[in-house]
Amino acid sequence: MKKFSASEDYLARAERTIPLGSQTFSKSRTQFPFGVSPYFVTHGRGSRVWDVDGNEYIDFVNGLAAITLGYNDEEVNEAVRRQLELGVIFSLPHPLEAEVAELICDMVPCAEMVRFGKNGSDATSGAIRLARAHTNRDRVAVCGYHGWQDWYIGSTSRNRGVPQATRDLTHTFAYNEPEPLRELLERHQGEFAAVILEPMNAIEPKPGFLERVKELAHAHGALLVFDETITGFRYSNAGAQGFFGVTPDLATFGKGLANGFPISAVAGPRQLMRLMEEIFFSFTFGGETLSLAAAKATLLKLRREPVTQRIAAKGSRCRGAIDDQIRSYGLTETFSVSGHPSWLFFNIRDSHGRSSLEIKTLYLQEMFAQGILTIGTFNLSDAHTDEDIDALVAAHDRFLRIVADALRSGTLDGVLRCAPLQPLFKVR
């Protein structure tokens with residue numbers, strides 16, 4: 001049984017100076033049951049990471065899907081080392097800014113010009129400001145998770161500190177349901193600047209859904225924005241827009257750009273992006289060269305090698321095997337696997353009188369004990385091997401055997417070694 005004493009000590013230490021003990025909500029103690037979870041990682045290599053207790057894991061979180069090539073990819077590291085010797089930030093732009101922008105424009109259907117940020121939230125907020133400036137309108141329709149900025153997070157239950165006037169301008173709509181979106185746009189005729197959505201997360205778009213959203217947005221004078229923070233350079237080199245064949249007016253990118261280095265981008269056609277010269281979207285570190293060097297190396301490798309295809313093949317094998325296991329244990333009412341093969345979701349539902357959070361707590365407990373790092377998704381990288389997939393499948397077989405018995409015999413409490421996770425706001 002793995003020990004987590006050093007992780008727990010570091011958590012107590014961190015919480016004295018850091019709210020929740022982490023800079024990122026999705027990496028905080030809210031997501032990991034106390035007593036059975038690692039909380040701090042020291043290093044990674046390829047598909048694996050090691051925590052502060054020395055425990056080794058095959059990582060299927062991959063920096064919340066920011067790692068696509070694998071930890072410490074040598075080509076990316078070498079590009080960053082070379083640039084580090086030359087400098088990180090300067091008093092004038094660096095040529096890498098144009099070089100990386102050109103690569104994105106070559107790969108992404110909607111991109112003719114690009115502006116960089118550091119986080120996905122920077123990019124989505126820039127796209128919304130651009131859409132508002134272009135249309136001279138204020139309202140935004142959202143579907144999915146789009147970051148921490150007021151304009152979006154005000155539409156969620158984590159809206160403390162966001163002015164009511166800001167909240168009132170953002171409206172949510174359900175994925176794969178175009179009719180409520182049509183009603184929303186008609187209810188506020190001529191007021192919507194943008195319709196922004198993740199083109200896909202856990203559920204595939206129904207035939208014609210993305211096309212219909214684009215048609216509705218344009219019919220009402222709004223811009224269509226694809227938030228490709230995760231899908232970009234993961235679903236395909238052309239992002240989800242290339243994968244599904246639907247080109248938005250603007251798109252935002254982040255996690256897949258630089259194999260973990262902090263950089264994001266807003267991309268779109270020249271006539272829209274020129275307006276970036278008039279609105280204010282500016283960062284001291286927008287042209288930081290280490291991340292740009294990492295992005296250039298990552299994008300060149302994606303163009304040169306079938307990385308996204310390899311990742312998808314591994315994910316397809318993973319999904320097929322776990323689907324078979326779920327059926328064999330008679331647990332199809334409790335568990336399912338969905339999503340694109342590169343970004344799969346292990347879905348858990350209430351079952352046998354137990355909540356999905358209680359079942360998820362047992363799931364995480366058993367995954368961590370078997371050396372699998374996950375938060376309920378499988379974010380694959382090119383570094384995952386066939387043996388890694390075999391280990392993931394074997395870990396699920398053991399978990400499904402345990403949970404099937406515990407649910408049917410009413411002994412879930414007896415196999416849990418910790419308190420269950422508590423409800424949180426859902427971003428998707």
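Okay, let's start with a pocket: strand 1 (41-45), strand 3 (56-59) and helix 2 (62-65) each give at least two residues to the lining of the second largest pocket. Before I go on, keep in mind that this is a predicted model.

So how big is that pocket? The second largest pocket has a volume of about 510 Å³. Its lining is made of 25 residues, and the ones closest to the centre are Lys27, Tyr39, Phe40, Val41 and Leu373. If you sort the lining by class, you get 14 nonpolar residues, 8 polar ones and 3 charged ones.

Right, on to the cysteines. How many disulfides does a search of the whole structure find? It comes back with 0. Take Cys105, which is in no disulfide: the nearest cysteine sulfur belongs to Cys110, and that's 8.8 Å away. A disulfide here needs the two sulfurs within 2.5 Å, so that pair doesn't count.

And are these cysteines buried or exposed? Cys105 is partly exposed, at a relative accessible area of 23%. Cys418, on the other hand, has 14% relative accessibility and counts as buried, because the cut-off for buried is under 20%.

Last stop, Ser328. You'll find Ser328 in helix 13, which covers residues 307-328. Ser328 has a relative accessible area of 58%, so it's exposed, the cut-off there being over 50%. And if you want to place Ser328 relative to Asp59, the two are 269 residues apart along the chain, with their C-alpha atoms separated by 26 Å.

That's my tour, thanks everyone.

Key: Residues are numbered from 1 along each chain as its sequence is written. This is a predicted model: local features need pLDDT of at least 70, side-chain atom pairs count only at pLDDT 80 or more; totals for chains, interfaces and linings use all residues. Side-chain values use heavy atoms; hydrogens and water are left out. On a 1 Å grid over the protein atoms alone, a cavity is a set of points where a 1.4 Å probe fits but cannot get out, and a pocket is an open set with protein on both sides within 12 Å along at least five of seven lines; lining residues have an atom within 4 Å of a point. Grid points are joined across faces, edges and corners, and a volume is the space filled by probe spheres set on the points. Helices (H or I, at least four residues) and strands (E, at least two) are DSSP runs, numbered from the N terminus. Ala, Val, Leu, Ile, Met, Phe, Trp, Tyr, Cys and Pro count as nonpolar, Asp, Glu, Lys and Arg as charged, and the others, Gly among them, as polar. Buried means under 20% relative accessible area, exposed over 50%, partly exposed in between (1.4 Å probe, protein chains only).
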